[in-house]
Structure formats: structure tokens, C-alpha cells
Amino acid sequence: MLDYELKDGQRLIYENKDYVAFVPYAAGTEHETWIMPKKIGVFHSPSFAHFLRDIPRTLEALAEIIIDTFERLNRVVPGLSYNMLLYSSLWRRQRAGHLS
């Protein structure tokens, strides 16, 4: 999906070296926006904790794209209320006992 969005470019909002923000095809809501890592093979991890720890400057790149995306949304719809969801699994060291 990400390869298609990058190639097509019609729904791209912003991208930096590590991440891309875009409106997904057939978005569920008017301003639905996804932010995904560009290098899935490098960043692919079950949790944010792994790649934030292992890859230098990725936290700054993530912060940059989140701030830029929210600023753009606020320019389009001033005062827009939003929810931010992070999809991630538990880090193995922090795994809950009932999941072992």
C-alpha cells in the first residue's frame, strides 16, 4: 500500500527521510491521515519501542511529521479536534503475564 501511495502521490500530505503522511484510499473519515515509516524492512518491528531505541534520529523524524501534519490539518480546519492512535504491540520485555 505504501509503495502505491508514494508512486501515485495524489494523497500524499508530507514526507521526510523516514516517514510519509497520507490520506489512505477509501478513508473512513474526511480527515483520516496515516503516518507510516518509509523503510518497512528497516523499521519493521512489533513495537515502536524497538525501532525508536535502535535507529538514531527516528524519534525526531516522527515528531517532525506529526507536527507538520497537525499544522496542515489546523490550516484546513482551524480548531479541528482529533484523535491520534498508535498501533503497536507490546515489547517482549514488557509483555503482560497473561500473554506469555
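This passage describes the strand arrangement and the salt bridges of a predicted model.

The strands of the model form an open sheet with three members, arranged in the order β1-β2-β3 and paired in antiparallel fashion. Strands β1 and β3 occupy the edges, where each pairs on one side only. On average, and with direction ignored, neighbouring strands of this sheet are turned by 20° against each other. Between strand β2, which spans residues 19-22, and strand β3, the antiparallel pairing comprises four bridges. Within this part of the sheet, F22 is found opposite W34 of β3. Helix α4 packs on the sheet and touches β1, β2 and β3. The direction of α4 makes an angle of about 20° with that of β2.

Side chains of opposite charge can pair when their charged atoms come close. In the present structure, three salt bridges were identified.

One of these salt bridges links K38 and E15, with a distance of 2.6 Å from N to O. K38 is located in the loop between β3 (34-37) and α2 (40-43), whereas E15 belongs to strand β1 (residues 12-15); the pair therefore ties together parts that are 23 residues apart in sequence. Both partners fall into the partly exposed class: the relative accessibility of K38 is 26%, and the relative accessible area of E15 is 36%. The strand that contributes E15 to this pair, β1, is also an edge strand of the sheet.

A further salt bridge joins the side chains of R72 and D68, for which the N to O distance is 2.5 Å. Both residues lie in helix α4 (residues 58-76) and are separated by four residues, about one turn of the helix. The helix that carries this pair, α4, is the element described above as packing on the sheet. With regard to accessibility, R72 counts as partly exposed at 30%, while D68 is buried, having a relative accessible area of 16%.

The remaining pair consists of R11 and D8, whose closest N and O atoms are 3.9 Å apart. This distance qualifies as a salt bridge because the cut-off applied is 4 Å between a side-chain nitrogen of Lys or Arg and a carboxyl oxygen of Asp or Glu. In this pair R11 is the buried partner, with a relative accessible area of 18%, whereas D8 is partly exposed, with a value of 26%. The assignment of R11 as buried follows from the limit of under 20% relative accessible area used for that class.

How values were computed:
Residues numbered from 1 in each chain as written. Predicted model: local features only at pLDDT ≥ 70, side-chain atom pairs only at ≥ 80, totals over all residues. Heavy atoms only, no water. Buried < 20%, exposed > 50% of the residue type's maximum accessible area, 1.4 Å probe, protein only. Helix = DSSP H or I, 4+ residues; strand = E, 2+ residues; numbered from the N terminus. Pairing = 2+ DSSP bridges. Axes fitted to C-alpha atoms, helices over the stretch in contact; angles between N-to-C directions. Contact = heavy atoms within 4.5 Å.
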